[in-house]
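Dear colleague,

I am passing on the structure we spoke about, and below it you will find my notes on what turned up in it. Please keep the structure open while you read.

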Amino acid sequence: EELGVAKFDTVIVASALNFPDALTGSYLAAVKDAPVLLVNDDVIADVQAYITENLAADGTVYILGGTAAVSEEFEAAVSAFQVKRLKGSNRYGTNLAILEEAGVTADQEILVCTGTNYADSLSASATGLPMLMVEKELTAEQKAFLEGRTGKITIIGGTGAVNEAVEE
């Protein structure tokens, strides 16, 4: 029994080789009361075995990122469960897909962190708040996500991490 349940209803799976999907997925994990599992091609069998042992038969496996992040081989290995892949064309698109799946609303507080380094977002992930990762400019999709937002927006890090153009 882990996290007070005999079997999880949901598990979150992200690449063990890069940080963004796992960090932004930490909010989805909190919403779903699910563990975040890290996978690469060397540990597919181990992660599959954990999921088989700990996920309810009708449970959902969320795979974060495209096939470059988490392989089709892994997806096939867990196909006995409901599998939902959340992805975008890059880490920023995947981030938005995760926030949407988590049901982030316009009145909810969010954090804004750089998507090019993990230190700020790792520190901020402990807050339990949803996190928008950005680069030097906001994408059209990120602008649309932020438009009409009434909840507090907290920028994590200095202008070297999230510049003034993004802040504006």
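A good place to begin is a contact between two helices, where Pro20, Asp21, Thr24, Gly25 and Leu28 in α1 meet Arg91, Thr94, Asn95, Ile98 and Glu101 in α4. If you sort the residues of this contact of α1 with α4 by character, they divide into three nonpolar, four polar and three charged. Please bear in mind throughout that this is a predicted model.

Two packed helices are described by the angle between their axes and the distance between the axes. Here, helix α1, which covers residues 20-32, and helix α4, which covers residues 91-101, pack at an angle of about 10 degrees, and their axes are 9 Å apart. Because angles under 35 degrees count as roughly parallel, α1 is described as roughly parallel to α4.

Helix α1 also takes us to the first sheet I would like you to look at, as α1 lies across β1, β2, β3 and β4 and runs at about 175 degrees to β1. These four strands form an open sheet in the order β2-β1-β3-β4, and their pairing is parallel. The edges are held by β2 (36-39) and β4 (82-86), each of which has a single partner strand, so one side of each is left without a neighbour in the sheet. From one strand to the next, the twist averages 25 degrees. Within this sheet, strand β1 (residues 8-15) and strand β3 (residues 55-64) run parallel and are joined by five bridges, and you can find valine 13 standing opposite isoleucine 63 in β3.

There is another open sheet, built from three strands in the order β6-β5-β7, again with parallel pairing. In this case β6 (131-134) and β7 (153-155) stand at the edges with a single partner strand each, which is why one side of each has no neighbour in the sheet. Neighbouring strands of this sheet are turned against each other by 25 degrees on average, with direction ignored. Strand β5 (residues 110-114) runs parallel to β6 and is joined to β6 by four bridges, and the bridge partner of valine 112 in β6 is leucine 132.

Finally, two notes on aromatic rings. A search of the whole structure finds one aromatic pair. There is also a charged residue placed over a ring, for arginine 149 lies over the face of phenylalanine 145, at 4.4 Å from the ring centre.

With kind regards

How values were computed
Residues numbered from 1 in each chain as written. Predicted model: local features only at pLDDT ≥ 70, side-chain atom pairs only at ≥ 80, totals over all residues. Heavy atoms only, no water. Pairing = 2+ DSSP bridges. Axes fitted to C-alpha atoms, helices over the stretch in contact; angles between N-to-C directions. Phe/Tyr/Trp six-rings, centres within 6.5 Å; stacked < 30°, edge-to-face > 60°. Lys NZ or Arg CZ within 6 Å of the ring centre and 35° of its normal. Parallel < 35°, antiparallel > 145°, perpendicular 65-115°, else oblique. Contact = heavy atoms within 4.5 Å. Nonpolar A, V, L, I, M, F, W, Y, C, P; charged D, E, K, R; others polar.
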